[in-house]
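Q: I am new to this structure. Please take a close look at its largest nonpolar core, then show me what else stands out around it.

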Amino acid sequence: MRITSRDGLEDVVKLGFNSGFDWGKEFDKASVVGLYVDDKLVGLISYKVIMEELFIQVALLEIVHGEYRKGYAAQLMGMVAIESFKIPGFNGYVALKSKFGEVDEFYRDLGAEAFGQLKIFNPNASQSIINKYLPNGGSIE
């Protein structure tokens with residue numbers, strides 16, 4: 001497993017990640033991180049650091065078709081949680097807005113507190129994701 005940041009991800013379609021969403025626009029607005037397994041890009045997550053409110057806001061999370069339910073989305077969430085613990089004062093807080101249904105259920109299963117579409121991962125929930133899905137830690141290249 002390899003996690004990489006923006007460099008080399010700009011043309012995700014050439015990397016075999018064709019989800020129908022134009023990820024190119026996301027690079028101008030947020031940090032984008034990709035997850036590679038056996039040199040295959042299997043997932044992307046974008047997020048913004050909200051300094052004024054001391055949390056990381058996840059904007060988008062997507063796993064390539066055929067790679068669902070393998071823990072890749074949770075691993076990407078874990079990487080963002082690690083980043084939140086690294087920033088002084090953030091203490092592991094991560095937030096996002098999700099759709100209802102299976103996606104909503106996924107975030108609640110990871111430990112998010114739900115406030116309508118807003119999901120908040122407190123420090124305990126973030127640490128739990130890291131412990132379960134990234135037990136050896138992780139870093140973004």
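A: What follows starts with the core and then turns to a buried lysine, a pocket and two loop residues. The model is a predicted one.

Start with the core. The largest nonpolar core holds 25 residues. Ile45, Val58, Met77, Val80 and Phe121 touch the most other members. Several elements each supply at least two residues: the strands β2 (31-37), β3 (40-50), β4 (55-63) and β5 (94-97), and the helices α1 (72-86) and α3 (123-133). Helix α1 gives the most, with six residues.

Now zoom in on Ile45. Neighbours within four places in sequence are set aside here. Ile45 is then in contact with Trp23, Ser31, Val32, Val33, Val58, Leu60, Leu61, Leu76, Met77 and Val80. Val58, Met77 and Val80 also belong to the group that touches the most other core members. Apart from the largest core lies another one, of six residues. Trp23, Val32, Tyr36 and Leu41 are among them.

Next comes a charged residue. Lys119 lies in strand β7, which covers residues 118-121. Is Lys119 buried or exposed? Lys119 counts as buried because its relative accessibility is 0%, and the cut-off for buried is under 20%. The side chain of Lys119 reaches the backbone oxygen of Gln117 at 3.3 Å. Beyond four places in sequence, Lys119 is in contact with Val94, Ala95, Leu96, Ser98, Asp104, Tyr107, Ala112, Glu113 and Ala114.

Tyr107 leads on to the largest pocket. This pocket contains about 990 Å³ of space. Its lining has 30 residues, and Leu61, Ala73, Val103, Phe106 and Tyr107 lie nearest the centre. Elements giving two or more residues to the lining are β4, α1, β5 and α2 (102-109). The lining divides into 17 nonpolar, four polar and nine charged residues.

Last, the loops. Most residues other than glycine have a negative phi. Two residues here have a positive one. Asp38 is not a glycine, yet its phi is about 50 degrees. Asp38 is found in the loop between β2 and β3. Its relative accessible area is 74%, so Asp38 is exposed. Leu54 also has a positive phi, near 60 degrees. Leu54 is found in the loop between β3 and β4. With a relative accessible area of 39%, Leu54 is partly exposed.

Key:
Residues numbered from 1 in each chain as written. Predicted model: local features only at pLDDT ≥ 70, side-chain atom pairs only at ≥ 80, totals over all residues. Heavy atoms only, no water. Core = buried A, V, L, I, M, F, W, Y, C linked by side-chain atoms within 4.5 Å. Buried < 20%, exposed > 50% of the residue type's maximum accessible area, 1.4 Å probe, protein only. Helix = DSSP H or I, 4+ residues; strand = E, 2+ residues; numbered from the N terminus. Contact = heavy atoms within 4.5 Å. Polar contact = N/O pair within 3.5 Å; in protein donor to acceptor, adjacent residues only side chain to side chain. 1 Å grid on protein atoms, 1.4 Å probe; cavity = no way out; pocket = protein on both sides within 12 Å on 5 of 7 lines; lining within 4 Å. Points joined across faces, edges and corners; volume = space filled by probe spheres on them. Nonpolar A, V, L, I, M, F, W, Y, C, P; charged D, E, K, R; others polar.
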